[in-house]
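The following paragraphs offer a guided reading of one protein model. Please keep the sequence and the coordinates at hand while reading.

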Amino acid sequence: MKKSDLLKQERMALLQRQQAIYKLVEKEDREVSQKEQDELDSSDAKIEGLDGEIEAAEKHEERQRRFAGLAGAPAGGGEGAEIEKIAKRFSFLKAARSITAGTALDGVEKEMNDEAVREAESLHLGFDTKDSFSIPASMVRATGQTVTEDSGKFGGKLVPTDINVVEGFIPKLFLEDVGASFLSGLVGNVSLPKFSDYEYKWLSEREKIILEAEEIDGPIMKPKRAGAGVSVSKQLIMQSSVAVENMIYNKLRFAAARALNKAALNGDGVKEPLGILNMTGVQLAKAVAEAEMSYEAAVELWGLIAGANADAGNEVFILNSKLAAAAKTTKKDAGSGRFVMENGLIDGQKTIVTNLVEELAGLQTLIYGNFSELYIGQWGGVNFTADTVTGASTGEVILYSNLYADIQSANPEAFAVNKFLKA
């Protein structure tokens, strides 16, 4: 029996699709077409069926919680029990060995794969099921920092140390450290609310409040596929060493984090999510030709953010190592002996140096902004597929990984960039 939360996700996806049809009809100022009406009617029937399935699933889960209580076990049942089960024994390497050898998954690896495939089907994600295994959304990102808090249910480690240590697949992104929000377990397209200024007005004791009409539809986050591959020897994949398992798993984990961080900064919005440097509405410095790195260039970006009332007091500079080196050797002025970048900070504000900020036509980019206005969304779990044919002659196996994510900002004016700096 499917879990109630998964059934609710399916129901929500149908409702969102119906809503999208009505929005399109309203936008185009026309009547609902016959094809659209047929889809609406079909969805109504499916939703009605899901309502019954959800009710039955909730009753079943409630019984399981009561049974657990009778047995003296934690009465979490349902989702809590599943998370505890995951925490017991999942092995990435064991699952990889099974699909490489062409044998069926079993144990916890099979349970996790089955759950991930159910999620993917409900979200209409293109997960492979042949020569592959998947992990569900609950294993993509752990929501806590320790394994002791909440009995380990929400900790970063999903396997006890006496067996192995497998962390949530996507590690914390450096953009999260500066305020970006990571939204996991998303269902359907997600519309971010537009952020606009609301004003309080002074009124007499009995004066009515006049409601302000505001658009509520902001940018829409839609799942985009990201993939990576790692080539390992068959001999290596047959090992049972904890260190070997972590090495292979971490190659894919950190590739996922790198892809998300890079897309958030440079994404072209075609195949990739749209990154800050290509978002419409991001504020641009006055420079349109090559210019020296200077204190004035940094202050200009600060002024753009402050002028748009987008500053929240936690803004961050981001630049690559070439521009950082120039900033460390560029004097702020003629007499103070101070430099643009000192002690790893620009103008005393937190600064991130990463070569994910790409060089553009030989020039460097300085980014400044309030990253709490950046949202990174991720749908479903992660799929892994083994290619045992391509590297067969050299005894290698290629492990491919696929995940679905997107990046958006509802307030691009919270970011300012200068793309014309010399290093």
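At 70% relative accessibility, His124 counts as exposed, because the cut-off for that class is over 50%. The model in which this residue sits is a predicted one. His124 belongs to the loop between helix 5 (107-123) and strand 1. Its backbone also deserves attention: His124 is not a glycine, yet it has a positive phi of about 60°. As a general background, most residues other than glycine have a negative phi.

A second residue may be read alongside this one. Asn309, a residue other than glycine, has a positive phi near 55°. Asn309 is placed in the loop between helix 10 (295-307) and strand 8 (316-319). With a relative accessible area of 63%, Asn309 is exposed.

The next topic is the aromatic side chains. A pair of aromatic rings is described by the distance of the centres and the angle of the planes. How many aromatic pairs does the structure hold? There are nine aromatic pairs in the structure. One of them joins Phe133 and Phe384: the ring centres are 5.0 Å apart and the planes stand at 20°, so the pair is stacked. The reasoning rests on the cut-off for stacking, because planes under 30 degrees apart fall in that class. Phe133 is part of strand 1 (residues 132-135) and Phe384 is part of strand 13 (residues 374-387), so the pair ties together parts that are 251 residues apart in sequence. Phe133 and Phe384 are both buried.

Another aromatic pair, formed by Phe169 and Tyr249, is edge-to-face, with 5.8 Å from centre to centre and 70° between the planes. Phe169 comes from the loop between helix 6 (137-140) and helix 7 (174-177), whereas Tyr249 comes from helix 9 (residues 242-266), so this pair ties together parts that are 80 residues apart in sequence. Phe169 has a relative accessible area of 0% and is therefore buried. Tyr249, with a relative accessible area of 2%, is buried as well. Ring pairs link these four residues and Phe92 into a cluster, which consists of Phe92, Phe133, Phe169, Tyr249 and Phe384.

Helix 9 also contains Leu252. At 3% relative accessibility, Leu252 counts as buried, because the limit for that class is under 20%. Leu252 and Gly229 are 23 residues apart along the chain, and their C-alpha atoms are separated by 7.4 Å.

A further contact between separate parts of the sequence involves Gly185, a residue of strand 2 (residues 181-186). Which distance separates Gly185 and Gly381 in space, C-alpha to C-alpha? The two residues are 7.9 Å apart in space, while 196 residues apart in sequence. Gly185 has a relative accessibility of 33% and so counts as partly exposed.

The last topic is charge on the surface. Asp38, Asp41, Asp44 and Glu48 gather there in a patch of negative charge. Among them, Asp44 is located in helix 2 (residues 34-70). Is Asp44 buried, exposed or partly exposed at 40% relative accessibility? Asp44 counts as partly exposed, because a value of 40% falls between the limits of under 20% for buried and over 50% for exposed.

Technical notes. Residues numbered from 1 in each chain as written. Heavy atoms only, no water. Patch = residues over 30% accessible without salt bridge, like charges linked within 9 Å, V, L, I, M, F, W, Y side chains within 5 Å. Areas by Shrake-Rupley, 256 points an atom, 1.4 Å probe, with all protein chains shown as cover. Salt bridge = Lys/Arg side-chain N within 4 Å of Asp/Glu carboxyl O. Lys, Arg positive; Asp, Glu negative; His and termini not counted. Charge placed at Lys NZ, Arg CZ, Asp CG, Glu CD. Helix = DSSP H or I, 4+ residues; strand = E, 2+ residues; numbered from the N terminus. Buried < 20%, exposed > 50% of the residue type's maximum accessible area, 1.4 Å probe, protein only. Phe/Tyr/Trp six-rings, centres within 6.5 Å; stacked < 30°, edge-to-face > 60°.
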